[in-house]
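Work through the exercises below with the sequence and the model in view. Try each task before reading its solution.

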Amino acid sequence: GPAAAFVLVTVPSDLATGVVARSVDALQKTPNRILGYVENMDGYYCSDCGQVKPLFPAQPELKLDLPCLGSVPFDPELAALCDRGGSPSDVPALVSWQPVRRIAEEVCRRVAERASAPEEKA
């Protein structure tokens with residue numbers, strides 16, 4: 001309903017982006033709000049060199065007509081931490097945790113902004 005707000009998640013591939021685009025089409029026919037999307041596994045974090053390297057062979061050609069809330073690289077250390085039931089906030093210095101934190105802050109900001117905006121009349 002109108003109180004729901006969606007954040008869609010995709011990976012940088014045409015197939016995944018196409019699925020999200022179809023979800024956007026379906027959600028736009030409802031009173032639900034879409035805050036934007038997150039690109040997951042946008043490269044992988046190499047702890048040996050400290051850089052994010054490409055994970056997929058090429059960037060997708062399909063583009064979403066939504067705000068991108070951020071990109072998160074795949075990080076084996078972050079994945080292992082989550083698999084153990086740990087929280088990234090337990091290791092705040094973890095490099096891959098920083099984009100997750102920024103995205104969470106952006107989502108919170110957008111939700112608060114929407115909550116304080118006057119309701120639109122139908």
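The exercises go from the overall layout to single elements, a pocket, the cysteines and a few residues.

This is a predicted model, in which local features need pLDDT of at least 70 and side-chain atom pairs count only at pLDDT 80 or more, while totals for chains, interfaces and linings use all residues. Residues are numbered from 1 along each chain as its sequence is written, and side-chain values use heavy atoms, with hydrogens and water left out.

**Exercise 1. Layout**

Task: State how many helices and strands the protein has, and give their order.

Solution. Start with the terms: helices (H or I, at least four residues) and strands (E, at least two) are DSSP runs, numbered from the N terminus. Counting these runs gives three helices and four strands. Next, read them from the N terminus on: the order is β-α-β-β-β-α-α. For the extent, the C-alpha atoms fill a box of roughly 55 × 35 × 20 Å, taken along the principal axes.

Two totals complete the layout. Of the 122 residues, 33% are buried, where buried means under 20% relative accessible area, exposed over 50%, and partly exposed in between (1.4 Å probe, protein chains only). Contact means heavy atoms within 4.5 Å. Among contacts between residues at least 6 apart in sequence, 70% join residues at least 24 apart.

**Exercise 2. Two helices**

Task: Compare the expected span of helix α1 with the distance between its end C-alpha atoms, then do the same for helix α3.

Solution. The expected span of a helix is 1.5 Å times one less than its number of residues.

- Step 1: Helix α1 (residues 14-27) has 14 residues and should span 20 Å; its end C-alpha atoms are 20 Å apart, which agrees.
- Step 2: Helix α3 (residues 97-116) has 20 residues and should span 28 Å; its end C-alpha atoms are 29 Å apart, which agrees.
- Step 3: The buried residues of α1 are A16, T17, G18, V20, V24 and L27, and they pack against β1 and β2.
- Step 4: In α3, the residues W97, P99, I103, E106 and V107 are buried. Their cover includes β1 (5-10), β2 (33-46) and β4 (68-74).

**Exercise 3. A pocket**

Task: Describe the lining of the second largest pocket by residue class.

Solution. On a 1 Å grid over the protein atoms alone, a pocket is an open set of points where a 1.4 Å probe fits, with protein on both sides within 12 Å along at least five of seven lines; lining residues have an atom within 4 Å of a point.

- Step 1: The lining consists of T17, G18, A21, V24, D25, Q28, L62, K63, L64, D65 and L66.
- Step 2: Ala, Val, Leu, Ile, Met, Phe, Trp, Tyr, Cys and Pro count as nonpolar, Asp, Glu, Lys and Arg as charged, and the others, Gly among them, as polar.
- Step 3: Sorting gives five nonpolar, three polar and three charged residues.
- Step 4: The volume of this pocket is about 150 Å³, a volume being the space filled by probe spheres set on the grid points, which are joined across faces, edges and corners.

**Exercise 4. Cysteines**

Task: Explain why C49 has no bond to the closest cysteine sulfur.

Solution. A disulfide is a pair of cysteine sulfur atoms within 2.5 Å. The closest cysteine sulfur to that of C49 belongs to C46 and is 3.5 Å away, so the two are too far apart for a bond. C68 is in no disulfide either, since the nearest cysteine sulfur, that of C108, is 17 Å away. The count by this rule is zero disulfides. As for exposure, C49 is partly exposed at 38% relative accessible area, and C68 is partly exposed at 40%.

**Exercise 5. Two residues of strand β2**

Task: Decide whether Y37 is buried or exposed, and list its contacts.

Solution. Y37 lies in strand β2 and has a relative accessible area of 12%, so this residue is buried. Leaving aside neighbours within four places in sequence, Y37 is in contact with L8, T10, L64, L66, P67, C68, L69 and G70.

Task: State the sign of phi in M41.

Solution. M41 is also placed in strand β2. Its phi is near 55 degrees, a positive value in a residue other than glycine. Most residues other than glycine have a negative phi. M41 is partly exposed, with a relative accessible area of 27%.
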